[in-house]
Structure formats: structure tokens, C-alpha cells
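Me: Please take a close look at a single part of this structure and then set it within its surroundings. A connected account would be preferable to a list.

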Amino acid sequence: MGASGKWEESKNMRCDRRSFATGLAGGLASLAFGAAFPRASHALQAGKNPLRLGVANRSHLYYLPVTLAERRGHFKDYGLDVTIADFEGGGESLEALTRGAVDLVVGAYEHTLRMQAKGEDLRALIELGRFPGIVLAVPKGRAYKSPADLKGMKIGITAPGSSSHFFVLYLMAKAGVNAADATFVGVGGGPAAVEALERGAIDAIANFDPVITRLQQDDAIRIVADTRFPRANYELFGGTNPAAVLYAKESFIAANAGTTQALVNAFYKTLRWIATATTDEIVGTVPTDYFLGDRAIYVKALRSNLLVYSKTGVLTPQGMNSALNMLTAFDPELSRAEIDLRRTFDDRFIKRATVLFDDPDNTSLTNDDRRPEIDLGTTQD
């Protein structure tokens, strides 16, 4: 499965609401939101309900679509009763899925690849983040020239087996540093992470916003790798690198097509709302305890992450290859495995969601001549 075309950097790329909204619209007709949007309970035709959804450190901006979908009532718009279980790290939410404690997970796309290598069939259903949004930083004044300097360091990550952990392992592998040459410490994604860096308990930190923006505000760090913006991702990975996705076991998807579709619809509606909402509207929707004690910090962090969120909900072949190449750089087990990328993304539900968003009464979607079929070989996010 090859890369999907060349990316051309915008001459005047700005992280503003208007350009992001225009990109997401992508030719789709404008649509009014709110109470006027029809309740799409008919989409819930068959399957389990209520649902248990796992996430990790949901106050991270990485998981913003989960919080917005819940607090804006988008799950209820599609007849869903969703309970969210919050875990310390992505590895824990994955483990909860494998033992049946949750039905689906919003987490790193990489987990679908790693589990396929172990014989487990997990499928991503919609891409929520097209860039990881992970930042690697060192304390102000600490000598650092390249990832080779991570050797011997105590590195704070959100949790073992998390996407922040994978990101640092990738940087180290590219620099010829073995994973055993550094110590990894789980510091979570809240005040404890800030405190660990500022009291010198760790030598570097790989984390998400708003933690990173808080540390910047405290003048405590120097950023050395930043995947919140397109340029860094294309330099590091050669393109997009899927971040948060909704994923589930293939057996669950097959047995619960109706609820699966409804959940994808709810998240797609949320992505569309993120693209058109003002910063104040978004910040006003999230719980105040996400602010790390300062609303201005959260606002600044949000503005730094607006380009992270997916425009289309579609995982591109280039993005899937990028994620696989990242993991095989440091994971010998995965590098020896035969991975079928087509089995890591079930695109049927996002295709239907794009049509149902414009026409909630279109339940058959047969011979829909208003919209061409999405070609996953050419789609770019």
C-alpha cells in the first residue's frame, strides 16, 4: 500500500479557525448545527447499547473530540448511551478492551498494528487526530543537540506502552540509541507531569497539551521535537501520522453494526463542529479542571493543536504506512510480522457518516450520485 501523493506546504499556513474550517469542509455543503439537526435515532438499527468507551488521560487535547461529543450531546443525538472509562495510559485502555471491560477505545492507531502482530484483530473506525500532538522537551538550560542525547536520561512519558512512549522510542532508534539506554517514567498527563519536570525528577518529558503549554508558561522547558504542527510531522514521518482513532475488535463491529455506525456518526459530527466553532465555544464546553489552573493556558494550548484534528475522519494509506514505519523502527517483533494495513481500518462507517451527516434520512446509501465514492488510495488529510 503506497504513500498517497506529495504534500505541499501552504505558503501562508496559519493556525486559524477560518482556514481549518475551510479545509474540513472540503466541498461539503454548509450545514446548520444545534437543535435544528435531526435526531438520527434511526441509525441505531442493531447492536449493543449502552456502550462502554475507554480513553486515557481524557483531559489531554489528544482526546478533545471525546469530551466534546459527550458534553455537546452528540452521542445522544444518535441514540447512544455512552459511559466513558478514563485510564492512565493507552496501554491500559487497550488492555481493558482485550479483557472485555470496555466495548471500544479511543486511542492511538498504533495499537491496531501491534495487536495484529499478536494475532488480535482490531479495526480503526474513524481518525480523530492526523498528527500525534506529542511534544518532547528538556528543562531549560540542559544541554541537548539531538535525540542521541536521550541516552542515559530519565524520560517522563504519560504511561508505559502509550503513544508518547512510542514516540520517544522512535526518536531514539533513529539516533541509534537503544531503548534500554534510557529510563522511562510514567508521569500521567496532568499536574503531576508538570511537577515531575519542575522538581527535577525527570530529565526530559514527552507529553501533550495542556501540560506542555503550562511548562512553557512557567519557562521551565525547551522544546526539542513538536508534532503539533504539519512541518515537524513531515520532517519526522514523511507525512501525517495517525493519532487518536476509535477502534474496536472486529468481532464487536460485526455483531454491532448499528451502534458502531451511530458512534462513528457522533464523532464525525464532532469533527465538523470543531472546524466551525470558535475557540471560546470549544473552551466553554470542556470542564474547567482541564485548564491546569489557568484558562488562558488552555486557550493557548488549544490554538497550538487546531491542526492536529482530522479533516475527514479517513485514515490515509500514507498515514498508515507512516505509523507502521515508526513502530518497526524500534519494535523487532513488529518488524518481523506480516501486517495487512487494510485490516487495520474499516472504512465503511466513515463513508456512511459523511453521507448521513448531510442527509440523515438516507439509510440505504445505495446509488448515491450526490457524492463520489471515497478513494482511500488518493484521499489526503
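Reply: A helix is here a DSSP run of H or I covering at least four residues, and helices are numbered from the N terminus. With that in mind, the part chosen is helix 9, together with the residue that follows it. The model is a predicted one. Helix 9 spans residues 230-237, and just after it Gly238 takes a positive phi of about 85°.

Helix 9 is largely enclosed by the rest of the structure, because six of its eight residues are buried. The buried residues are Pro230, Ala232, Asn233, Tyr234, Leu236 and Phe237. Their cover includes helix 6 (163-174), strand 9 and helix 14 (317-328). For scale, the protein chain has 381 residues, of which 57% count as buried, and it contains 16 helices and ten strands.

Strand 9, which contributes to this cover, occupies residues 221-226 and contains Arg222. With a relative accessible area of 33%, Arg222 is partly exposed, since that value falls between the 20% limit for buried and the 50% limit for exposed. Beyond four places in sequence, Arg222 touches Leu136, Ala137, Val138, Pro139 and Lys140, as well as Arg142, Ala143 and Tyr144. The C-alpha atoms of Arg222 and Gly141 lie 8.1 Å apart, although 81 residues separate the two in sequence. Contacts that span such stretches of sequence can be put in context for the chain: among contacts between residues at least 6 apart, 81% join residues at least 24 apart.

The next strand to consider is strand 10, residues 244-249. Ala244 belongs to strand 10 and counts as buried because its relative accessibility is 1%. Leaving out residues up to four places away in sequence, Ala244 touches Tyr62, Val106, Gly107, Glu127, Leu128 and Gly129. Ala124 is 120 residues from Ala244 in sequence, yet their C-alpha atoms are 9.6 Å apart. Strand 10 runs antiparallel to strand 4, and five bridges join them. In this pairing, Leu122 stands opposite Lys249.

Strands 4 and 10 belong to an open sheet of five strands with mixed pairing, in the order 2-1-3-10-4. Strand 2 (82-87) and strand 4 are at the edges with a single partner strand each, so each has one side without a neighbour in the sheet. From one strand to the next, the twist averages 30°. Helix 5 (residues 110-117) packs on this sheet, in contact with strand 3 (104-108), strand 4 and strand 10, and its direction makes about 165° with that of strand 4. The edge position of strand 4 should be read alongside its burial: six of the six residues in 122-127 are buried, so strand 4 is largely enclosed by the rest of the structure.

Tyr62, one of the contacts of Ala244, leads to the aromatic residues. The structure holds eight aromatic pairs. One of them joins Tyr62 and Tyr63 edge-to-face, with 4.9 Å between the ring centres and 75° between the planes. Tyr62 and Tyr63 are both buried, and with Phe208 they form one aromatic cluster.

In soluble globular proteins, nonpolar side chains tend to be buried together. The largest nonpolar core in this model has 84 residues, and Leu53, Phe75, Val106, Leu136, Leu246 and Phe267 have the most contacts inside it. Two of these names have already appeared: Leu136 is touched by Arg222, and Val106 is touched by Ala244. Phe75, when residues up to four places away are not counted, touches Leu53, Val66, Ala69, Glu70, Leu80, Val82, Ile84, Leu263, Ala266 and Phe267. Another core, of 20 residues, lies apart from the largest one and includes Ile274, Val286, Phe291 and Val308.

A further buried site is found in helix 4 (residues 90-98), where Ser93 is placed. Ser93 counts as buried because its relative accessibility is 0%. Its contacts beyond four places in sequence are Gly54, Val55, Ala56, Phe87, Val102 and Val105.

As for the outer surface, the protein chain exposes about 15700 Å², of which carbon and sulfur atoms supply 46%. To return to the starting point, helix 9 is largely enclosed, with six of eight residues buried, and Gly238 with its positive phi comes just after it.

Key: Residues numbered from 1 in each chain as written. Predicted model: local features only at pLDDT ≥ 70, side-chain atom pairs only at ≥ 80, totals over all residues. Heavy atoms only, no water. Buried < 20%, exposed > 50% of the residue type's maximum accessible area, 1.4 Å probe, protein only. Helix = DSSP H or I, 4+ residues; strand = E, 2+ residues; numbered from the N terminus. Pairing = 2+ DSSP bridges. Phe/Tyr/Trp six-rings, centres within 6.5 Å; stacked < 30°, edge-to-face > 60°. Contact = heavy atoms within 4.5 Å. Areas by Shrake-Rupley, 256 points an atom, 1.4 Å probe, with all protein chains shown as cover. Axes fitted to C-alpha atoms, helices over the stretch in contact; angles between N-to-C directions. Core = buried A, V, L, I, M, F, W, Y, C linked by side-chain atoms within 4.5 Å.
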